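User: I have a model open and would like to talk it through with you. Could we begin with some local detail and then zoom out?

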Amino acid sequence: MEIAEEQAINVLMEGSRYDLVRRRCLYDLTTIGIGATKTTFDWSDGARVQYVDPANIIYSYTESPYFDDLDYLGEAFFPLPY
């Protein structure tokens, strides 16, 4: 059962191109000190791991460097003008 779970996680990571998402997140962590990813689900694509631009992250005030005392956390969406 554990092997099947590991295989499912590996399929999720490969389908999401997690190596590229991870690189972008690590770059953000080293340059500006914050990085984020999100997991989404779509009926046609299934579960995916996606990169989140730190400029679009919205979160409540925190005193913890680990963000473990947040009241809310989200991502702002700015549609492109036509």
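Analyst: Let us start with Gly74, which, once its neighbours within four places in sequence are left aside, is in contact with Asn56, Ile57 and Ile58. Please keep in mind throughout that this is a predicted model.

User: Where does Gly74 sit?

Analyst: Gly74 belongs to strand 4, and with a relative accessibility of 31% it counts as partly exposed.

User: What is the C-alpha separation between Gly74 and Pro54?

Analyst: The C-alpha atoms of Gly74 and Pro54 are separated by 11 Å, the two residues being 20 apart along the chain.

User: OK, zooming out, how many helices and strands are there?

Analyst: The protein chain has two helices and four strands, and along the sequence they come in the pattern α-α-β-β-β-β. The radius of gyration is 15 Å, well over the 12 Å that the globule rule gives for 82 residues, so the chain is more spread out than a compact globule.

User: What box do the C-alpha atoms fill?

Analyst: Taken along the principal axes, the C-alpha atoms of the protein chain fill a box of roughly 40 × 40 × 25 Å.

User: And what share of the residues is buried?

Analyst: Buried residues make up 20% of the 82 residues in the protein chain. The chain exposes about 7,100 Å², and carbon and sulfur atoms supply 56% of that area.

User: What about contacts between residues at least 24 apart?

Analyst: If one takes the contacts between residues at least 6 apart in sequence, 27% of them join residues at least 24 apart.

User: Switching to electrostatics, how many salt bridges does a search of the whole structure find?

Analyst: The search finds one salt bridge, in which the side chains of Lys38 and Glu75 meet at 2.8 Å, N to O. Lys38 lies in strand 1 (residues 36–42) and Glu75 in strand 4, so the pair ties together parts that are 37 residues apart in sequence.

User: Are those two buried or exposed?

Analyst: Neither label fits, since the class in between applies to both: Lys38 is partly exposed with a relative accessible area of 29%, and Glu75 is partly exposed with a relative accessible area of 35%.

User: Any backbone angles I should look at?

Analyst: Two residues are worth a look here, and the background is that most residues other than glycine have a negative phi. Arg17 has a phi near 55°, a positive value in a residue other than glycine, and Phe67 has a positive phi of about 60° although it is not a glycine.

User: Where are they placed?

Analyst: Arg17 is in the loop between helix 1 (2–15) and helix 2 (18–31), and it is exposed, with a relative accessible area of 53%. Phe67 is in the loop between strand 3 and strand 4, and at 31% relative accessibility it counts as partly exposed.

User: Which residues make the nonpolar surface patch?

Analyst: The patch, of about 290 Å², is made by Tyr59, Phe67 and Leu73, so the Phe67 just mentioned takes part in it. Tyr59 is placed in strand 3 (residues 57–59) and counts as partly exposed at 36% relative accessibility.

User: Going back to that loop between strand 3 and strand 4, what does the side chain of Ser64 reach?

Analyst: The side chain of Ser64 reaches the backbone nitrogen of Tyr66 at 3.1 Å. Ser64 lies in the loop between strand 3 and strand 4 (73–75), and with a relative accessible area of 13% Ser64 is buried, because the cut-off for that label is under 20%.

User: Last one, what joins the side chains of Ser44 and Asp42?

Analyst: The side chains of Ser44 and Asp42 are joined by a polar contact of 3.0 Å. Ser44 is in the loop between strand 1 and strand 2 (46–52), and at 62% relative accessibility Ser44 counts as exposed.

User: How far is Ser44 from Ile9 by C-alpha atoms?

Analyst: Their C-alpha atoms are separated by 18 Å, with the two residues 35 apart along the chain.

Technical notes. Residues numbered from 1 in each chain as written. Predicted model: local features only at pLDDT ≥ 70, side-chain atom pairs only at ≥ 80, totals over all residues. Heavy atoms only, no water. Patch = residues over 30% accessible without salt bridge, like charges linked within 9 Å, V, L, I, M, F, W, Y side chains within 5 Å. Areas by Shrake-Rupley, 256 points an atom, 1.4 Å probe, with all protein chains shown as cover. Salt bridge = Lys/Arg side-chain N within 4 Å of Asp/Glu carboxyl O. Buried < 20%, exposed > 50% of the residue type's maximum accessible area, 1.4 Å probe, protein only. Polar contact = N/O pair within 3.5 Å; in protein donor to acceptor, adjacent residues only side chain to side chain. Rg over C-alpha atoms; globule rule 2.2 N^0.38 Å. Contact = heavy atoms within 4.5 Å.
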